[in-house]
Amino acid sequence: MKKELINLIDISKSFDGELVLDELDLNVHENEFLTLLGPSGCGKTTTLRILGGFVSPDKGRVVFDGKDITSLPPNKRQLNTVFQKYALFTHMDIAENIAFGLKIKNKPKSYIDDKIKYALKLVNLEGYEKRMPNSLSGGQQQRIAIARAIVNEPKVLLLDEPLGALDLKLRQDMQYELIRLKNELGITFIYVTHDQEEALTMSDTIVVMNQGYIQQIGSPETIYNEPENAFVADFIGDSNIIDSIMLEDKLVSILGARFACVDTGFGTNKPVDVVIRPEDVELVKPEEGVIQGTVTHLIFKGVHYEMEVMANGFEWLVHSTQLFPVGTQVGIRVNPFNIQIMNKPESEDEEAAQLEA
Amino acid sequence: MKLNTVKHNKPAGRLLSAPFLLWETLFIIVPLAMVFYYGLTDRSGAFTLENVAAILGAEHAKALWLSVCLSFVSTLICFLLAYPLAMILANMNVNQHSFIVLIFILPMWMNFLLRTLAWQTLLEKNGVINNILEFLHIPPLNIINTPAAIILGMVYNFLPFMVLPIYNSLVKVDPNVINAARDLGANELQTFFKITFPLTIPGVISGVTMVFVPALTTFVISKLLGGSKILLIGNVIEEEFTQAGNWHLGSGLSIVLMIFIIFNMVISAVFDKNGEGNML
C-alpha cells in the first residue's frame with residue numbers, strides 16, 4: 001500500500017445546527033485518484049472545503065503529510081482547488097490567471113513563462129495566453145482552471161464537481177483528460193461528484209457518502225459488485241434490491257424461491273437485503289427459470305433492452321440484449337456469483353439515513 | 001460574449017413608449033435646445049461664442065475651479081467612507097443587512113433641501129452643535145460658511161450614491177473567485193488588491209460619477225452651508241438666471257458645465273460595462 005498523505009480524523013461539522021459531517025475518518029494515499037461520491041447534501045463538498053481550508057471543522061483534525069494543518073489558512077496549504085464554476089479571474093487574461101499563484105510566490109519571470117507554456121500544452125490550449133476567460137467555452141475555462149492549479153505543483157489537487165457544468169460529450173472527453181493528467185503529473189486527485197458514472201470511470205478509490213456518513217470505501221469494482229448496503233447498491237447503477245431471508249450458508253430465499261449463492265457467515269434464517277444488477281438477471285424459458293413472471297415493460301436503450309418483469313410480486317429490472325416482448329411468460333435465473341447479500345441496517349440512525357435517501 | 005438583445009420594434013411597443021417620448025421631448029429635449037439657443041446667441045439673437053467663452057473670465061474660472069476642487073474632495077471622502085461600508089454590508093447575512101440598508105436609505109427618503117437646511121441649523125454659530133459644545137466647555141465649531149461645511153453637505157447628501165454601486169459590484173464577486181485566490185497562495189491583503197478591488201472598479205467608477213456630477217453642479221448646498229461668500233459654478237449660473245436675468249450668459253456657462261459632465265459620463269461608460277450604476 002502506498003504512503004498515507006492525508007488523514008481526516010474524527011471530523012464533525014454542522015451548519016446552522018444541522019449536522020453535515022459526523023465523526024468522519026478518511027485516509028488518502030499518495031498518487032491516488034479518490035472520489036467522494038454521494039447525493040447533494042451528503043457532506044462531500046464540505047469535506048473538500050475542510051481539506052482546502054475554506055471551512056474549519058467543529059471537531060477533529062486534518063493531517064497532511066504527518067503535520068496537523070487543521071487551523072492553517074488556505075494560502076498556506078500545499079493543495080490547490082479546481083472550483084465548480086471555474087472561478088477564473090475575469091479581469092485578467094489567461095496567462096495572468098495561470099501565473100497568479102507563481103507571481104504571489106515571487107517566482108522569476110522566465111520560470112513563470114515556461115510554466116504557462118507547459119500548463120497550456122498539458123491542457124491542450126496552446127496559444128491562448130492573451131485570451132480573456134469570458135471568451136472561452138465552458139470546457140476551455142475548466143481546463144484553464146486546472147492549469148492554474150497545477151502550475152503550483154501541489155501535492156494534492158482538489159476538484160469540486162469540475163465537470164458539472166459541461167455537456168455530456170465534453171464531460172466524457174474531460175474524464176479521459178483528467179485521467180491522463182493524473183498519470184502524467186503523478187499527484188493525488190481528490191474529486192467530488194454526484195455522478196456515479198464519472199466516479200466509476202476515473203477513480204482508484206470511491207468513497208460513497210450519505211447524510212454525513214461514509215457508507216463504503218472501495219475500488220470502483222468493489223463498490224459496484226459488492227455494495228455493502230442498500231444505499232450504495234441503489235446509488236451506484238441500477239439494481240434490484242429485494243428483502244430476502246438467508247436460509248443457510250450459500251442458500252437464500254428470494255421472494256419465496258430458493259436461490260443458490262456464494263455468501264457465507266450470515267447465520268440461518270436471517271433477514272437480509274439482496275442486490276442483483278439488472279444485467280445479471282437471466283431471462284429464460286419459464287420451465288428453466290427459478291421463478292416465473294411476465295414482461296410488463298420494454299424500452300430499447302441502444303446497447304441493450306431494458307425490461308421489467310413482474311414475478312412473485314416484485315418488479316424485476318432486467319437489462320438484456322435479447323428481446324422479450326411485453327406479455328411474454330419468462331423464467332428468471334441468476335448466477336450464484338451475481339447475488340450480492342447485504343446485512344440489513346442495524347442502527348436506527350443508519351436505517352433513517354437509508355430511508356431518506 | 002454578449003447575448004443578442006431582443007429588439008422591440010413592433011407597432012404596439014412603440015405606441016406604449018409614446019407617453020415617455022412626449023415627456024422626454026417636452027421636458028428634456030426642448031429645454032436643452034433652449035439652453036443651446038440662449039447660450040450661443042446674444043440679446044439681439046445673433047450667434048456668438050461669448051457666453052461660453054465667459055467661463056475664462058477670472059470670476060467664473062475661479063468658481064468652476066472651486067467647484068471642481070470641492071467636488072473632487074467630496075468624492076474622495078465619499079469613496080473612502082463608502083468602500084469599507086459596502087464591504088461590511090456585502091459580508092452581512094440577509095437579515096442584518098436589510099436592516100442596515102434601511103437605516104442607510106432612510107434619510108434619502110427625506111427631502112434633499114430639508115436635510116441640507118437641517119445641517120445649516122446644526123452648524124450655525126449659535127446652532128445645536130455649538131450649544132452642545134459650549135455646554136461641554138469645548139471650543140465652538142466655526143465651519144458654517146466655509147468650504148468645509150460645503151464638503152460636509154456634499155458628502156452627507158451624496159454618500160449613498162457611492163455606497164450602492166460599490167455594494168452592487170461587491171456582491172456580484174463570486175465567493176469562489178476569492179477562495180481561488182486564497183487557494184493559490186494570496187493572503188487577505190493580496191486577494192483584496194489583486195482580485196476584489198479590480199473586480200469592483202466598474203462600481204467605483206459609477207459611484208464616482210454619481211457623486212461627482214451632482215456635487216459639481218449643486219448650488220443649494222453651497223448656498224445654504226456656504227453663505228453668500230462662497231460661489232460655486234452652480235451658484236453663478238443660478239444668479240445669472242434668477243438675479244441678473246441674463247439667460248444668455250447662464251446658458252453659456254451651463255453648456256460648459258454640460259461638456260464637463262458628458263466627459264465624465266463617457267469615462268464611466270467605458271469602464272462600467274456591466275451597468276452597476278444602473279442598479280439604483
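**Notebook: strands, helices and the contact between chains A and B**

I began with strand 4 (residues 59-64) of chain A, which is joined to strand 5 of chain A by 2 bridges, the two running antiparallel. In strand 5 of chain A, I found A:Lys67 standing opposite A:Phe64. I noted that helices (H or I, at least four residues) and strands (E, at least two) are DSSP runs numbered from the N terminus, and that two strands pair if DSSP finds at least two bridges between them.

The model is predicted, and local features need pLDDT of at least 70, side-chain atom pairs count only at pLDDT 80 or more, while totals for chains, interfaces and linings use all residues. Residues are numbered from 1 along each chain as its sequence is written, and chains are lettered from A and ligands numbered from 1 in the order in which they are written.

**The sheet in chain A**

I then followed the sheet outwards: it is open, its 4 strands have the order 2-1-4-5, and the pairing is antiparallel. Strand 2 (18-29) and strand 5 (67-68) of chain A are the edge strands, each pairing on one side only.

**Domains of chain A**

I looked up the domains, whose bounds come from an automatic or database domain assignment, and chain A is divided into domain 1 (4-225) and domain 2 (239-356). The centres of these two domains of chain A, taken over C-alpha atoms, are separated by 38 Å.

**Three residues of chain A**

Is A:Asn210 buried or exposed? I found A:Asn210 in strand 9 (residues 205-210) of chain A, and it is buried because 24 other C-beta atoms lie within 10 Å. The cut-offs, with C-beta atoms placed from the backbone, are 20 or more other C-beta atoms within 10 Å of its own for a buried residue, 12 or fewer for an exposed one, and partly exposed in between. The C-alpha atoms of A:Asn210 and A:Gly41 are separated by 7.9 Å, although the two residues are 169 residues apart along the chain.

Most residues other than glycine have a negative phi. I therefore noted A:Asp16, where phi is positive, near 50 degrees, and which lies in the loop between strand 1 (4-15) and strand 2 of chain A. A:Asp16 counts as exposed, with 5 C-beta neighbours inside 10 Å.

**Chain B**

Chain B has 13 helices and 0 strands, and its C-alpha trace spans about 70 × 70 × 35 Å along its principal axes. Of its 280 residues, 33% count as buried.

I traced helix 4 (residues 58-91) of chain B, whose 34 residues reach 49 Å from the first C-alpha to the last, close to the 50 Å expected at 1.5 Å a residue; the expected span is 1.5 Å times one less than the number of residues. Where is the kink in helix 4 of chain B? It lies at B:Ala82, is about 25 degrees, and comes shortly before the proline B:Pro84; the bend is the angle between axes fitted to the seven residues ending there and the seven starting there.

**Where the chains touch**

I found 16 residues of chain B in contact with 18 residues of chain A, contact meaning that C-beta atoms, placed from the backbone, lie within 7 Å. Helix 9 of chain B supplies the largest share of the side of chain B that touches chain A, 6 residues. Among the buried residues of helix 9 of chain B are B:Val177 and B:Asp183, and what covers the buried residues of this helix includes helix 1 (44-52) and strand 6 (79-82) of chain A together with helix 10 of chain B.

Definitions and conventions
Contact = placed C-beta atoms within 7 Å.
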